[in-house]
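The exercises below ask for geometric readings of a single protein chain, each followed by a worked solution. Please look at the sequence and the model before starting.

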Amino acid sequence: LMATRPFLPFSGASIAVVGLGRAGFPAARRLREWGASVTAWDDGAAARQQAEQEGFAVLNPTVGAWRW
């Protein structure tokens, strides 16, 4: 059998996902599976907590030196 290479089209990319609702969480997870470094944010504390539990960096895009 021929070995397949992993599918990593976003390898090395840094991507922010703002809004972790019905589409945001699946998008963040898939982007990470595809090699991206994902930073997440949601206005809801529960969504931010879930993101942290899943290992995502969680940063507020309106605060700090790297403001979006």
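**Exercise 1.** Does Trp 34 count as buried, partly exposed or exposed?

*Solution.* The model is predicted, so local features need pLDDT of at least 70 and side-chain atom pairs count only at pLDDT 80 or more, while totals for chains, interfaces and linings use all residues. Residues are numbered from 1 along each chain as its sequence is written, and side-chain values use heavy atoms, with hydrogens and water left out. The classes rest on relative accessible area, with buried under 20%, exposed over 50% and partly exposed in between (1.4 Å probe, protein chains only). Trp 34 has 27% relative accessibility and therefore counts as partly exposed.

**Exercise 2.** Describe the aromatic pairs of the structure and locate their members along the chain.

*Solution.* Rings of Phe, Tyr and Trp (its six-membered ring) pair if their centres lie within 6.5 Å; planes under 30 degrees apart count as stacked, over 60 as edge-to-face and the rest as tilted. The structure holds two such pairs.

- Step 1: Phe 7 and Trp 34 are edge-to-face, with 5.4 Å centre to centre and 90° between the planes. This pair links distant parts of the chain, since Phe 7 lies in the segment before strand E1 (14-18) and Trp 34 in the loop between helix H1 (24-33) and strand E2 (37-41), 27 residues apart. Helices (H or I, at least four residues) and strands (E, at least two) are DSSP runs, numbered from the N terminus. Phe 7 counts as exposed because its relative accessibility is 56%.
- Step 2: the ring centres of Phe 10 and Trp 34 are 6.1 Å apart and their planes stand at 10°, so this pair is stacked. It too links distant parts of the chain, with Phe 10 in the segment before E1 and Trp 34 in the loop between H1 and E2, 24 residues apart. Phe 10, at 28% relative accessibility, counts as partly exposed.
- Step 3: taken together, the ring pairs join Phe 7, Phe 10 and Trp 34 into a cluster.

**Exercise 3.** In what order do the strands form the sheet, and which strands stand at its edges?

*Solution.* The protein chain has two helices and three strands, and from the N terminus on its elements run β-α-β-α-β. Two strands pair if DSSP finds at least two bridges between them. The three strands form an open sheet in the order E1-E2-E3, with parallel pairing. E1 and strand E3 (57-58) stand at the edges, where each has a single partner strand, so one side of each is left without a neighbour in the sheet.

The pairing of E1 with E2 is parallel and runs over five bridges; Ser 14 stands opposite Ser 37 in E2, and Ile 15 has Val 38 in E2 as its bridge partner. Four of the five residues of E2 are buried, so this strand is largely enclosed by the rest of the structure. H1 lies across E1 and E2 and runs at about 170° to E1, where axes are lines fitted to C-alpha atoms, for helices over the stretch in contact, and angles run from 0 to 180 degrees between N-to-C directions.

**Exercise 4.** Which residues does Glu 54 touch, not counting residues up to four places away in sequence?

*Solution.* Glu 54 lies in the loop between helix H2 (45-53) and E3, and at 25% relative accessibility it counts as partly exposed. With contact meaning heavy atoms within 4.5 Å, Glu 54 touches Phe 25, Arg 29 and Arg 32 under that sequence exclusion. The charged end of Arg 32 sits over the ring of Phe 56, 3.9 Å from its centre; the criterion is that NZ of Lys or CZ of Arg is within 6 Å of the ring centre and within 35 degrees of the ring normal.

**Exercise 5.** With which side chain does the side chain of Asn 60 make a polar contact?

*Solution.* Asn 60 lies in the segment after E3 and counts as partly exposed, at 25% relative accessibility. A polar contact is a pair of N or O atoms within 3.5 Å; within protein, one must be able to donate a hydrogen and the other to accept it, and residues adjacent in sequence count only if both atoms are side-chain atoms. The partner is the side chain of Thr 62, at 2.7 Å.
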